[in-house]
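Thank you all for coming. Please have a look at the chain on the screen, and I will then walk you through a few of its features, one after another.

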Amino acid sequence: MSPFILATLLFALGLGTTVTFASSHWLLAWMGLEINTLAILPLMAQHHHPRAVEATTKYFITQATAAAMLLFASATNAWLTGQWDIQLVTHPLPITLITLALALKIGLAPLHSWLPEVIQGVDFTTGLILSTWQKLAPIALLLQLQPTNSTLLLALGITSTLIGGWGGLNQTQLRKILAYSSIAHLGWMTLVLQFSPSLGVLTLIVYFTMTFSAFLLFKLNNSMNINALATSWAKAPMTTALAPLILLSLGGLPPLTGFMSKWLILQELTKQELMPLATIAALSALLSLYFYLRLAYALTLTVSPNTLIGTTPWRHPTSHLTLSLSASTIATIFLLPIAPAIVMLCSL
């Protein structure tokens, strides 16, 4: 892909998200989501591989369905209440339809089945965009809808944490594991979105930081499945030594950064007298922690099979920029001590 076309598509990607952020009218927000979807499709299919084309087709059909549902719900709201303003949705039918449409867009369970298949079919860079940037616009609309449909959001959130944990247990493909990790983390964010929007935004930022590190780590090692992780020691020893900390931070293990959001969310759910929900969410975190530990074991405690004794895989010079990986790794591991300052900034 030529640099001019790539720059145009990335500009359209940013424009669509910005339009949705800045809109107060449902039609304008829908238009921003559509620009966003149309801009990512050529990036997904740029390698012309059958798996990439299949993933692009699945993504297009899913996003078109969600966009049609969103447009229908907003038109229904205008018909029932006479209002097109995003923050003036008061009728329960449009609220439910809009929430389900946005849940389908970001891949919340039980509307999640498209996400692992799509991320499995694209490369790590496009998968990173799908897991991070593409979530921003729908979540911004969900933030403006809260706290109008608490039961539905709680059901979507707890279902996502459970399915995100269960789904990643028997996976061997790294991109599918990261997709189920995305489902689980978005479930945690949805649980607290209506009670504390600032905490929901903090959870989203922490998730973006950790996911950025994980995707760049696997991209640097060029590892597509768990077995390929065994060769990481020969390719990047220092990065491989820090990789278990990145994965355990994704699992929410103290004293790493990922523990911050889970700790605060459980505290908030307890304040709201939702003890059963908090207990189930905490237990679901153990499911996610298991497959992160599995990846950490494959990275650090296994050796790649060699036919000759004493041979090691070739360590080619990397062509990837490692500055972004270094910065995100530091944030993924060491941000917990300044958690109070981060919470204060997010609540402003």
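Which residue forms a salt bridge with E54, and how far apart are the closest N and O atoms? The partner is K58, and the closest N and O atoms are 2.9 Å apart; by salt bridge I mean a side-chain nitrogen of Lys or Arg within 4 Å of a carboxyl oxygen of Asp or Glu.

Before I go on, please keep in mind that this is a predicted model, in which local features need pLDDT of at least 70 and side-chain atom pairs count only at pLDDT 80 or more, while totals for chains, interfaces and linings use all residues. Residues are numbered from 1 along each chain as its sequence is written, and side-chain values use heavy atoms, with hydrogens and water left out.

Let me stay with the charged residues. K58 and E54 are four residues apart in helix α3, and therefore separated by about one helical turn, where helices are DSSP runs of H or I with at least four residues, numbered from the N terminus. E54 also meets R51 in a salt bridge, at 3.5 Å from N to O, and these two are three residues apart in helix α3, which spans residues 50–81. E54 is partly exposed at 34% relative accessible area, as is K58 at 29%; on this scale buried means under 20%, exposed means over 50%, and partly exposed is in between, computed with a 1.4 Å probe and protein chains only.

K58 has a further partner, E117, with 3.9 Å between N and O. That pair links distant parts of the chain, since E117 sits in helix α5 (residues 114–120) and K58 in helix α3, 59 residues apart. Salt bridges that share partners join R51, E54, K58, E117 and K176 into one network, and the whole structure has four salt bridges.

Now to the interior. The largest nonpolar core, meaning a set of buried Ala, Val, Leu, Ile, Met, Phe, Trp, Tyr and Cys residues joined through side-chain atoms within 4.5 Å, has 44 residues, and L191, F218, L229, L247, M260 and L295 are those with the most contacts inside it. Among the elements that give two or more residues to this core are α9 (174–193), α10 (197–221) and α14 (275–300). Another core, of 30 residues, lies apart from it and includes I95, L102, L186 and L193.

If we follow L295, and set aside residues up to four places away in sequence, we find that L295 touches L174, I177, F218, I226, L229 and L247, contact being heavy atoms within 4.5 Å.

Is T203, in helix α10, buried or exposed? T203 is buried, because its relative accessibility is 4%, and beyond its neighbours within four places in sequence it contacts M189, S261 and I265. A282, found in helix α14, counts as partly exposed at 32%, and, with the neighbours within four places again left aside, A282 is in contact with W188 and L266.

Finally, the unreviewed UniProt entry annotates "transmembrane region" at several spans, including residues 60–80 and 177–195; such annotations may be inferred rather than shown by experiment. In the model, residues 60–80 are 100% helix and 0% strand, with end C-alpha atoms 30 Å apart, whereas residues 177–195 are 89% helix and 0% strand, with end C-alpha atoms 29 Å apart.
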